[in-house]
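Biologist: Got a minute to go through this one with me? I'd like to start with a single residue and work outwards.

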Amino acid sequence: MHGETGCKKCLFRCLFVTSSAEVKCSLCVVGIQALAEMNRWREVLSWVLQYYHVPEHLPPKVLELCILLYRKVGEPQVMLEVGSTWLRDQTNKSLPEYSSLLELYLLQVLLPLGRFEGAEELVRSCDVFDSEQQLAFLGTICESRCQWTQREEMHSAAEEQQDAATETVLGALSQKLLTVLTLLRRALRSMSSHFYLLPYKKMFLATFLLYLVVVRLDPASPTSLPFIYKLVQLFRQTWAAVFSPIRRPPVRD
């Protein structure tokens, strides 16, 4: 493991001292692969630009690897400006790899990002494609646009269905809550009507006797037994008055 890391560091240092463009490009390709293996793909572009300084000077092979790498990790927008700058450079347009890189940029960067107008403009303004190739690329762009629109519509429909389901659930919960509150109000009203019918004198007397039993009397003493017996009877009467249903007198003709 330490030997592998040392070799990678040595490889990176070689990029500073080499003067051959082909050797530098080959070492850069190996460096990109090494960074990707170490899961340091976010550093690839900035690391490459340390040695080539501007996007226009990137070798075609390096640009291709960067586009494929960032497309694979789901970050094609990283190469949006870099690829556009490289393709606009007049020197790069004379390279034999230009047409293949333009196609790669269209398919792997612009179309996945939904940049359809930019893709059409790039194809129409490109001199390396003949009319047949331009029509083929424009057809591909149109097809990709339709697929993008269908995905957006399906996504919107799914969101609407989810919102409708959420509203339905909330409506059901609100209805249940309203029903519970209505039943609770009826129960409280029924209890209050029972409490209004309580014999307040008996309640006061029961409270007073309870005070005498707990505070003044000794429950273990024989002299306190009559008071306890009367208190139990009084509580039974109070309980029956509170929790028994209200009996209305029969209506006589």
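Biologist: Is Ser144 buried or exposed?

Modeller: Buried, at least in this predicted model: Ser144 counts as buried because its relative accessibility is 13%, and the cut-off for that is under 20%.

Biologist: Where does Ser144 sit, and what does Ser144 touch?

Modeller: Ser144 is in helix H9. Leaving out residues up to four places away in sequence, Ser144 touches Leu111 and Phe116.

Biologist: What about Leu177, buried or exposed?

Modeller: Exposed. Leu177 comes out at 52% relative accessibility, and over 50% is what exposed means here, so Leu177 counts. Leu177 is in helix H9, which covers residues 131-196.

Biologist: Which residues make up the nonpolar surface patch with Leu177?

Modeller: Leu181, Leu184 and Leu188 join Leu177 there, and the patch is about 390 Å².

Biologist: Switching to the inside: how many residues are in the largest nonpolar core?

Modeller: That core has 42 residues, and Ile32, Val44 and Val62 are among those with the most contacts inside it. Elements giving two or more residues to this core include helix H2 (21-37), helix H4 (60-72) and H9. The largest share, eight residues, comes from H7.

Biologist: And what does Val62 touch?

Modeller: Cys25, Cys28, Val29, Ile32 and Val48, again not counting residues up to four places away in sequence.

Biologist: Which elements have the lowest and highest mean pLDDT?

Modeller: Helix H1 (residues 2-17) has the lowest at 49, and H4 the highest at 94. For the chain, the mean pLDDT is 77, with 68% of residues reaching 70 or more.

Conventions
Residues are numbered from 1 along each chain as its sequence is written. This is a predicted model: local features need pLDDT of at least 70, side-chain atom pairs count only at pLDDT 80 or more; totals for chains, interfaces and linings use all residues. Side-chain values use heavy atoms; hydrogens and water are left out. Patches are made of residues with over 30% relative accessible area and no salt bridge: like charges are joined within 9 Å, nonpolar side chains (Val, Leu, Ile, Met, Phe, Trp, Tyr) within 5 Å. Accessible areas come from the Shrake-Rupley method with a 1.4 Å probe; for residues, only the protein chains shown count as cover. A salt bridge is a side-chain nitrogen of Lys or Arg within 4 Å of a carboxyl oxygen of Asp or Glu. Helices (H or I, at least four residues) and strands (E, at least two) are DSSP runs, numbered from the N terminus. Buried means under 20% relative accessible area, exposed over 50%, partly exposed in between (1.4 Å probe, protein chains only). A nonpolar core is a set of buried Ala, Val, Leu, Ile, Met, Phe, Trp, Tyr and Cys residues joined through side-chain atoms within 4.5 Å. Contact means heavy atoms within 4.5 Å. pLDDT is the predictor's confidence in each residue, from 0 to 100.
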